[in-house]
Amino acid sequence: FRSLGFSGLEFATVVSLGPLLMIFIPPLWGVAADRSGRPTMLLKLACAGAALSFVFILQAKAFVAVLAVCAVHSLFATAISSLADTVALAEARRIGTDYARLRLWGSVGFIVFTYTFSHVHSRIDVSEYIASVGALLVAAYALTAQLVPSARVSHVAVPSVRDALRLSLRPEVGCFLLAGIIHWAAMSPFHLLFAVHVGDLKLDARYVGWGLSVGVTAEVAAMWLFRWLRGRIALFSLLLGTFLITAARWYLTAMASD
């Protein structure tokens with residue numbers, strides 16, 4: 001977006017579109033998954049739709065064109081995480097392992113690509129290739145999704161909108177959702193501006209890859225060790241500890257200048 005000459009407001013608007021649609025779109029896919037019992041089929045459809053729509057980013061240069069492509073892409077892409085989690089949970093039960101042990105491989109892929117791409121970018125300007133690389137990656141996960149076995153996922157009872165409303169009115173759920181809102185409000189500028197911040201500090205582009213890779217490596221370690229942690233620390237205490245560590249992390253991130 002910076003290479004296209006977008007202002008900070010313009011690329012923030014584009015990046016905010018996905019989270020905005022995520023409020024409304026994934027619940028619709030979730031209802032369809034619950035009613036059909038076929039989240040794997042819907043995951044394949046969402047990945048294919050995301051890939052086909054993202055191809056148009058290769059030609060989109062103006063702000064309005066990029067915004068339109070990202071809007072259509074988000075109608076599919078915002079559903080992928082929740083559908084993939086549903087499929088992963090069912091698959092973990094089927095093969096007798098933890099969800100975290102499956103989920104960590106996505107983070108491993110993130111580390112490998114981020115580290116590699118930042119090192120390439122530190123040597124040559126790859127701005128003109130970013131859209132092409134992005135389209136290839138989206139196509140790759142769409143093709144990968146087609147390999148997932150198409151098993152039905154059954155519920156004891158299909159949840160209703162009334163069930164969801166009843167759950168959302170519980171005070172502890174409200175507190176949890178509020179904590180999530182505050183957490184992601186802190187994460188958003190990091191995701192949006194960390195690479196820009198590193199550039200403004202006149203640091204080498206590879207530090208973007210190193211910084212993100214170290215953070216996600218810690219995530220992989222936490223997921224791999226989760227079974228061990230869960231057996232020794234109560235979940236509430238574990239969650240409280242992560243929030244305290246996160247607060248320290250944001251403070252140190254803001255203060256770091258070299």
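Visitor: How many ångströms apart are the end C-alpha atoms of H10, and what span should its 19 residues give?

Guide: Happy to start there, keeping in mind that this is a predicted model. At 1.5 Å a residue, the 19 residues of H10 should span 27 Å. That expectation agrees with the model, where the end C-alpha atoms are apart by 26 Å.

Visitor: Which residues of H10 are buried, and within what arc do they fall?

Guide: The buried residues of H10 are Val208, Gly209, Ser213, Val216, Val220 and Met223. Seen down the helix axis, they line one face of H10, because they fall within an arc of 105°.

Visitor: Which helices do those buried residues of H10 pack against?

Guide: Contact here means heavy atoms within 4.5 Å. On that basis, the buried residues of H10 pack against helix H6 (99-123), helix H9 (171-200) and helix H11 (226-230).

Visitor: Is serine 213 buried or exposed?

Guide: Serine 213 lies in helix H10, which covers residues 206-224. Leaving out residues up to four places away in sequence, serine 213 touches Ile111, Thr114 and Tyr115. Buried means under 20% relative accessible area. Serine 213 has 6% relative accessibility, so it counts as buried.

Visitor: How are the rings of phenylalanine 113 and phenylalanine 117 arranged?

Guide: Both residues lie in helix H6, four residues apart, about one turn of the helix. Phenylalanine 113 counts as partly exposed at 34% relative accessibility, and phenylalanine 117 is partly exposed too, with a relative accessible area of 23%. The count comes to seven aromatic pairs. Phenylalanine 113 and phenylalanine 117 form one of them, 5.4 Å centre to centre with 25° between the planes, and planes under 30 degrees apart count as stacked, so this pair is stacked.

Visitor: Over which ring does the charged end of arginine 249 sit?

Guide: There are two such arrangements to look at here. The charged end of arginine 206 sits over the ring of tyrosine 207, 5.2 Å from its centre. For arginine 249, the charged end is 4.7 Å from the centre of the ring it sits over, that of phenylalanine 190.

Visitor: Which helix gives the most to the largest nonpolar core?

Guide: Among the 29 residues of that core, Trp29, Ile57, Val66 and Leu83 touch the most other members. The elements giving two or more residues to the core include helix H1 (8-22), helix H2 (25-36), helix H3 (39-54) and helix H4 (63-77). With seven residues, the helix that gives the most is H3.

Notes. Residues are numbered from 1 along each chain as its sequence is written. This is a predicted model: local features need pLDDT of at least 70, side-chain atom pairs count only at pLDDT 80 or more; totals for chains, interfaces and linings use all residues. Side-chain values use heavy atoms; hydrogens and water are left out. Buried means under 20% relative accessible area, exposed over 50%, partly exposed in between (1.4 Å probe, protein chains only). The expected span of a helix is 1.5 Å times one less than its number of residues. The arc is that of the directions from the helix axis to the C-beta atoms. Rings of Phe, Tyr and Trp (its six-membered ring) pair if their centres lie within 6.5 Å; planes under 30 degrees apart count as stacked, over 60 as edge-to-face and the rest as tilted. A charge sits over a ring if NZ of Lys or CZ of Arg is within 6 Å of the ring centre and within 35 degrees of the ring normal. A nonpolar core is a set of buried Ala, Val, Leu, Ile, Met, Phe, Trp, Tyr and Cys residues joined through side-chain atoms within 4.5 Å.
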